[in-house]
Each structure stands twice: as C-alpha cells, then as structure tokens.
Amino acid sequence: MTLANRIKQHQARIHDARPQVSGHLTRVVGLTFEAVGVRASIGSLCGVETAQGEVTAEVVGFDDDIIYLMPHDDAYGVLPGARVRPLSHQAGIPLGMELLGRVIDGAGHPLDGKGPVVTAHHGHSERVKMNPLIRRPIRQPLDVGVTAINGLITVGQGQRMGLFAGSGVGKSVLLGMMTRGTTADVIVVGLIGERGREVKEFIEDILGEEGIKRSVVVAAPADQSPLMRLRGCETAAQIAEYFRDQGMNVLLLLDSLTRYAMAQREIALAIGEPPATKGYPPSVFAKLPALVERAGNGGEGQGSITAFYTVLTEGDDLQDPIADSARAILDGHIVLSRELAESGHYPAIDVESSVSRVMPQVVSTEHMQHAMVIKQLYSTYQRSRDLISIGAYTQGSDPRIDKSIQMQPLMERYLQQGMRDISPFDDCVTVLAQLAQQAQPGRA
C-alpha cells in the first residue's frame, strides 16, 4: 500500500472518530423537518428518531441555525423534540457490472428480491463536471432498432434527445423497443414517478427477459418521497457515467424529465424558495441542464452516453415551461402525436415536428437527401390531407400532391412498426433509399 493511501485511510478514521453533534426537531411542516443544534452540510444524511426506530433524512437547506431536512421514506411516529444525529457512514451507490439485470431504487437498494447488490465500487451523488473541450465530437450513428428514428431522425452516439408526449400515446412502449433493438453495450433505465404497476409491467412485458440482461433499472415510483424521485434520476445518470468511464457505449432512458422537475419543485417550495415560471422555482431550471449535461461522449478511452429523456406535455402543450426549457438544452426532440396514436399508427412519431440536430454529422450526404425527400413528401400530404379526404382535390392540379398521394401508403408502411419488431440501421437506410428513388418525378 502506498503512503498516499495510508494517509487517506488515517484521515477517514479521524473523520469518523470526530464527535458528531446531535440536535433535535423543532418543527415538522408537510414534507420538511426543521432541526436545531445539529451541524451538517447540504446533501449529507441524518438519522431522525421516531417511535418505530430511526428514519434517514437528507439536509436540503438551512436558515441561520435551523437545518431543513427531508426524509427518504414516510416518517410516521416522529415525535416533538426528536433526536437528530449526523450519519458518519454513507456507503453511496453501488457501481459495477454486478448491476446488470438488477432493479434498484434511488438509494441503490435492490427492489427485485435477488439479494443485496455487492460491488467493488461505490459512488456518491456529487457530480464531477467534465471539461467540454475533452468530450469527443458526435460522429457515429447509434442504431436504436426503430425504423422512423434510424431513417428520418437519426441519433448519434453521445446525443441527448427529448421524447415529448402526452399521457397514453406509447412513450413507454417506444422506450422498450429501443432497449431491445439498440446496439449499445449497456442500457440504464430510470423510471421516475411512475405508478408502481407500470414499473413491473415495463420490466416484464416491455423490457422483457432479453432486455433486462444488459440493463440496469432504477425505479422511484410516484408514492416515494420527492427526494427519492430526485435521487432516482441522479442515480441513473451516475450509473451510466460509470459504464461510460469503463469505455462502454451506454443508452440512458429517463422517464421522465418532467417528474424530476416536479420533485425538485416540491422540495424547493417546501423549504421556502419562491415560485417563478408557472409555479416552478428558479432552482428547477438550474438543475435540468446540470442533469442533462452528465450524458454525452466521454474523453479519449471512454465510451458514450446516448440519452433519451421523456417530457410530459400537459394537454399536449409543447409550450409547457419544462418542455420549452428541455428543447433548448437537448440535441433534438421526438414528438409523439396523439392523433397518430388514436388512428392506430405506432410508434406515433410525428416526423414533421421531430428533429435530430446532429443527424447531418452522423449520416452520409445521400442518407440526408433521401430523408429530406421523404419528409417533404410526408409534410405535403399532411397539409393537403383535409382536401384529399373530402374529395376537394382534383388529381393533376399539383404534381407534388399527386406524388405524395401515390407514396402515402408506402411512407405509412415505412413509419409503422410492431412492438416486438427490430429494424437494423442498414436495413432502414436501404429501404429509405428505395422510397426516395420511387419518389422521383416520373417514377410510378
């Protein structure tokens, strides 16, 4: 053992041996505990005495001598003046290949009944910022196994994409399709704020036995505290960072970014931060880019994190504050249309409203041209669809509309895909080139 390691060990022992100053609760308001007499830094953990034992709470703020804490779990049995003590031992999140195939909560505890997660490495929640000049540029496409995305909205390795959708339009199914069809080495799934029933259904029905083998699922259902929902997102990002640092290409699926923002809003309002935009405090809009920037390509010798963040659009309103902020900090967005979903078109991707900002850097010039031809034809048909449906359009009036009518069945067949089907990237590009050739003027 080197001298530096010995010094670190002795420093850790000295730190643990220092007397911990305990305090007591003075007030409990809603989700927040207020304590005095305890000295603890923001983000550290404390034990709060209850009638049933002790619950773990995290320091989320302070005001003069008052410390604000938020419990990880329900805090039944808390008594006035209960003892509050700092916890010196904080194991951190388990990190290692042993996580593959496991389901854990935001604190790293197993939820799948397969016993404890034993790993050689542990990490704490503090984020290590990466120098933007160290990151490798995005140059390689990532195969996600979905035809519409591979062909028309191509995603690059290390890209951050938003998946904008209302409730019930198939975003969870689309995430499951990508987990089964992607060529990424490791998949990290964060299910944040979901109903408990949906967590089990996603793992068993959508992800499947094959998908879970190379995946790590972090689940923080809706009935958990806002602090655990917040930690769930950050834990998923931390696990993805670990695998990226080992040289692997990671696909990070976070469902959803909106519930991450809502959890931070609950915490911020509980400790007195004033609301700003539509009830969201300023700290929400500071945390969103901090979370998103953790994804992306690493430096030389490292892998990549390609991330998909779902964004819930209330009433399918894309001008929602979280949706608007997410569009500005992400590298593109995929919009799911309720109208397409209601017509039985799955995946319900609105290719007109969707865009990948790095697509020109990761595909060939021919691929880009073919995608533009099909998107223009598709858009032409959508603009004229009402006239065509009621029979008000006369064939021959506009060659572009005539061609879009002719190509519409082929385009719809290309954009639709079964939930269990996987479309390799090269096959998607080949079929797209054939469609673009048929769309040439004069081709029948």
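**Figure 1. Gly43 and its contacts in a predicted model.** Leaving aside residues up to four places away in sequence, Gly43 touches Glu58 and Val59. This is a predicted model, and the glycine sits in the loop that runs between strand E2 (32-36) and strand E3 (45-50). Take a look at Val60 too: Gly43 and Val60 are 17 residues apart in sequence, yet their C-alpha atoms are 6.2 Å apart in space. As for cover, Gly43 comes out as partly exposed, with a relative accessible area of 30%.

**Figure 2. Ile67 and its neighbours.** Here we move to strand E5, which is where Ile67 has its place. With a relative accessible area of 7%, Ile67 is buried. Which residues does Ile67 touch, not counting those up to four places away in sequence? The set is Phe33, Glu34, Ala35, Val38, Ala40, Val59, Gly61 and Phe62. Thr26 makes a handy reference point: Ile67 and Thr26 are 41 residues apart in sequence, and 9.9 Å separates them in space, C-alpha to C-alpha.

**Figure 3. Asp64, a non-glycine with positive phi.** Asp64 isn't a glycine, but its phi is positive all the same, at about 60°. You'll find Asp64 in the loop that links strand E4 (53-63) and strand E5 (66-71). Is Asp64 buried or exposed? Its relative accessible area is 68%, and the cut-off for exposed is over 50%, so Asp64 counts as exposed.

**Figure 4. Two cis peptide bonds.** One of them is the bond from Asp255 to Ser256, which is cis with omega near 15°. Ser256 belongs to the loop between strand E13 (249-255) and helix H6 (257-270). The other cis bond shown here goes from Tyr346 to Pro347, and its omega is near -10°. Where is Pro347 found? Look in the loop between helix H9 (338-342) and strand E17 (355-356).

**Figure 5. The aromatic pairs, plus an arginine over a ring.** How many aromatic pairs does a search of the whole structure find? It turns up two. Tyr242 and Phe243 make an edge-to-face pair, 5.5 Å centre to centre with 75° between the planes. Both partners are tucked away: Tyr242 counts as buried at 14% relative accessibility, and Phe243 is buried with a relative accessible area of 0%. Tyr280 and Phe285 also form an edge-to-face pair, with 6.2 Å centre to centre and 70° between the planes. In that pair Tyr280 is buried at a relative accessible area of 3%, whereas Phe285 counts as partly exposed at 25% relative accessibility. Tyr280 has a further partner to point out: Arg265 lies over the face of its ring, at 4.3 Å from the ring centre.

**Figure 6. Helix H3 and what covers it.** Helix H3 (residues 171-181) is mostly covered, with nine of its 11 residues buried. Which residues of H3 are the buried ones? They are Lys171, Leu174, Leu175, Gly176, Met177, Met178, Thr179, Arg180 and Gly181. The cover over those buried residues includes helices H2 (147-152) and H4 (196-213). Strands contribute as well, among them E10 (160-165), E11 (186-192), E13 and E15 (304-312).

**Figure 7. Two cysteines, and no disulfides.** The disulfide count for this model comes to zero. Cys46 is buried, with a relative accessible area of 0%. Cys233 is buried as well, at a relative accessible area of 1%.

**Figure 8. Zooming back out to the protein chain.** To place the close-ups, here's the overall picture: the secondary structure of the protein chain comes to 13 helices and 17 strands. Its radius of gyration is 25 Å, close to the 22 Å that the globule rule gives for 444 residues, so the chain is as compact as a globular protein of that length. Taken along the principal axes, the C-alpha atoms fill a box of roughly 85 × 50 × 40 Å. Buried residues account for 51% of the 444. Among contacts between residues at least 6 apart in sequence, 71% join residues at least 24 apart. The chain exposes about 20,800 Å², and carbon and sulfur atoms supply 52% of that area.

Note on methods. Residues are numbered from 1 along each chain as its sequence is written. This is a predicted model: local features need pLDDT of at least 70, side-chain atom pairs count only at pLDDT 80 or more; totals for chains, interfaces and linings use all residues. Side-chain values use heavy atoms; hydrogens and water are left out. Helices (H or I, at least four residues) and strands (E, at least two) are DSSP runs, numbered from the N terminus. Buried means under 20% relative accessible area, exposed over 50%, partly exposed in between (1.4 Å probe, protein chains only). Rings of Phe, Tyr and Trp (its six-membered ring) pair if their centres lie within 6.5 Å; planes under 30 degrees apart count as stacked, over 60 as edge-to-face and the rest as tilted. A charge sits over a ring if NZ of Lys or CZ of Arg is within 6 Å of the ring centre and within 35 degrees of the ring normal. The radius of gyration is taken over C-alpha atoms; the globule rule is 2.2 Å times the number of residues to the power 0.38. Contact means heavy atoms within 4.5 Å. Accessible areas come from the Shrake-Rupley method with a 1.4 Å probe; for residues, only the protein chains shown count as cover. A disulfide is a pair of cysteine sulfur atoms within 2.5 Å.
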